[in-house]
Amino acid sequence: MKKTLLPVALFLLLTNFLCAQNGYKNAVGVRFNTYIGYDVLALSYKSFLANHDALEFNLGFGGRNMYVPGTSGQSFSPGISLAGAYQYHVDIETATNEHLRWFAGGGLILFHIFSKNNFYEGFGAGLFGTCGIDYKFKNTPLNLTADWRPTVYLSAPDSFSPLQIGTLGVAVRYTF
């Protein structure tokens, strides 16, 4: 019994230490994005590996109306995406010692768009940089993040430009 109790106690102490330093260890919620094609809304999960290192994963959904050649109209083109990013966080000193940090990093996004427009339909992959601000409310298990993710497409449907720079996001997550 004593052999089991010591590792459990060390794990709990380490977890409390990490949470005290970061404000939270894990968070789950939603991320809203300005790019509507495949991830205007995403389920978001963020986990700190160490004091400054975090991983963020997003499962995104989006879509937009696209003109369909050879017809007299448009068709809704839904999209889905999966993104993963590494982020390095740095504390921002505040007078009230709030949990405010800036971060930078990068990741990979995979997406697929379903469309009747052949130039817009298909699979894509891209690399993105990310930077932003992360805030954990002091007395509430809530986290807010605002970020910028410029993306370079390695593969994409024909209608995509190779670079997407206007991608801004806001996430709201429950922390634990």
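This report walks through the fold, the nonpolar core, the cavity and a handful of residues of a predicted model.

**Overall fold**

The protein has 1 helix and 10 strands. Along the sequence the order is α-β-β-β-β-β-β-β-β-β-β. Of the 176 residues, 38% are buried. Contacts between residues at least 6 apart in sequence often span a long stretch of chain: 54% of them join residues at least 24 apart.

**Nonpolar core**

The largest nonpolar core holds 12 residues. Its members are Tyr35, Tyr38, Met66, Ala83, Ala85, Ile109, Phe111, Ile113, Tyr120, Phe128, Tyr153 and Phe160. Two elements, β4 and β5 (99–113), give two or more residues to this core. The biggest share comes from β5, with 3 residues. As a general point, nonpolar side chains in soluble globular proteins tend to be buried together.

Phe128 is one of the core residues. Leaving aside neighbours within four places in sequence, Phe128 is in contact with Ala83, Gly84 and Ala85, and with the run Gly105, Gly106, Gly107, Leu108 and Ile109. Arg149, Pro150 and Thr151 complete its list.

**Cavity**

The structure contains 1 cavity of 30 Å³ or more. The volume of the largest cavity is about 80 Å³. Its lining has 13 residues, and those nearest the centre are Tyr38, Asp39, Ile109, Thr151 and Thr167. By type, the lining residues are 6 nonpolar, 4 polar and 3 charged. β1 (26–33) and β8 (151–155) each supply at least two of them. Tyr38 and Ile109 also belong to the largest nonpolar core.

**Buried polar and charged residues**

Three residues have side-chain polar contacts worth a look in the viewer.

| Residue | Relative accessible area | Side-chain polar contact | Distance |
|---|---|---|---|
| Asp147 | 7% | Arg31 | 2.6 Å |
| Gln87 | 0% | Glu56 | 2.7 Å |
| Arg149 | 4% | Asn58 | 3.0 Å |

Asp147 sits in strand β7 (residues 142–148). Asp147 counts as buried because its relative accessible area, 7%, is under 20%. Beyond its neighbours within four places in sequence, Asp147 is in contact with Arg31, Phe103, Thr130, Cys131, Gly132, Thr167, Leu168 and Gly169. Arg31 is thus both a contact of Asp147 and its polar partner at 2.6 Å.

Gln87 is part of strand β4 (residues 74–91). Its relative accessible area is 0%, so Gln87 is buried. With the same neighbours left aside, the contacts of Gln87 include Lys46, His52, Asp53, Ala54 and Glu56. Phe103, Ala104, Gly105 and Thr130 are also in contact with Gln87.

Arg149 lies in the loop between β7 and β8. Although in a loop, Arg149 is buried at 4% relative accessible area. Its contacts beyond four places in sequence are Arg31, Glu56, Asn58, Ala83, Phe128, Gly129, Thr130, Gln164 and Thr167. Phe128 in that list is a member of the largest nonpolar core. The C-alpha atoms of Arg149 and Gly132 are 9.0 Å apart, with their positions 17 residues apart along the chain.

Shared partners tie these residues together. Arg31 is in contact with Asp147 and with Arg149. Glu56 is in contact with Gln87 and with Arg149. Thr130 appears in the contact lists of Asp147, Gln87 and Arg149.

**Gly169 and Ile133**

Gly169 belongs to strand β10 (residues 168–175). Gly169 is buried, with a relative accessible area of 4%. Arg31 is 138 residues away in sequence, yet the C-alpha atoms of Gly169 and Arg31 are 6.6 Å apart. Not counting neighbours within four places, Gly169 is in contact with Arg31, Phe32, Asn33, Thr145, Ala146 and Asp147.

Is Ile133 buried or partly exposed? At 39% relative accessible area, Ile133 is partly exposed, because that value falls between the 20% and 50% cut-offs. Ile133 is placed in strand β6 (residues 122–136). Past four places in sequence, Ile133 touches Ile92, Leu100, Arg101, Trp102, Phe103, Leu144, Thr145 and Ala146. Ala104 is 29 residues from Ile133 in sequence and 9.1 Å away, C-alpha to C-alpha.

Methods:
Residues are numbered from 1 along each chain as its sequence is written. This is a predicted model: local features need pLDDT of at least 70, side-chain atom pairs count only at pLDDT 80 or more; totals for chains, interfaces and linings use all residues. Side-chain values use heavy atoms; hydrogens and water are left out. Helices (H or I, at least four residues) and strands (E, at least two) are DSSP runs, numbered from the N terminus. Buried means under 20% relative accessible area, exposed over 50%, partly exposed in between (1.4 Å probe, protein chains only). A polar contact is a pair of N or O atoms within 3.5 Å; within protein, one must be able to donate a hydrogen and the other to accept it, and residues adjacent in sequence count only if both atoms are side-chain atoms. Contact means heavy atoms within 4.5 Å. On a 1 Å grid over the protein atoms alone, a cavity is a set of points where a 1.4 Å probe fits but cannot get out, and a pocket is an open set with protein on both sides within 12 Å along at least five of seven lines; lining residues have an atom within 4 Å of a point. Grid points are joined across faces, edges and corners, and a volume is the space filled by probe spheres set on the points. Ala, Val, Leu, Ile, Met, Phe, Trp, Tyr, Cys and Pro count as nonpolar, Asp, Glu, Lys and Arg as charged, and the others, Gly among them, as polar. A nonpolar core is a set of buried Ala, Val, Leu, Ile, Met, Phe, Trp, Tyr and Cys residues joined through side-chain atoms within 4.5 Å.
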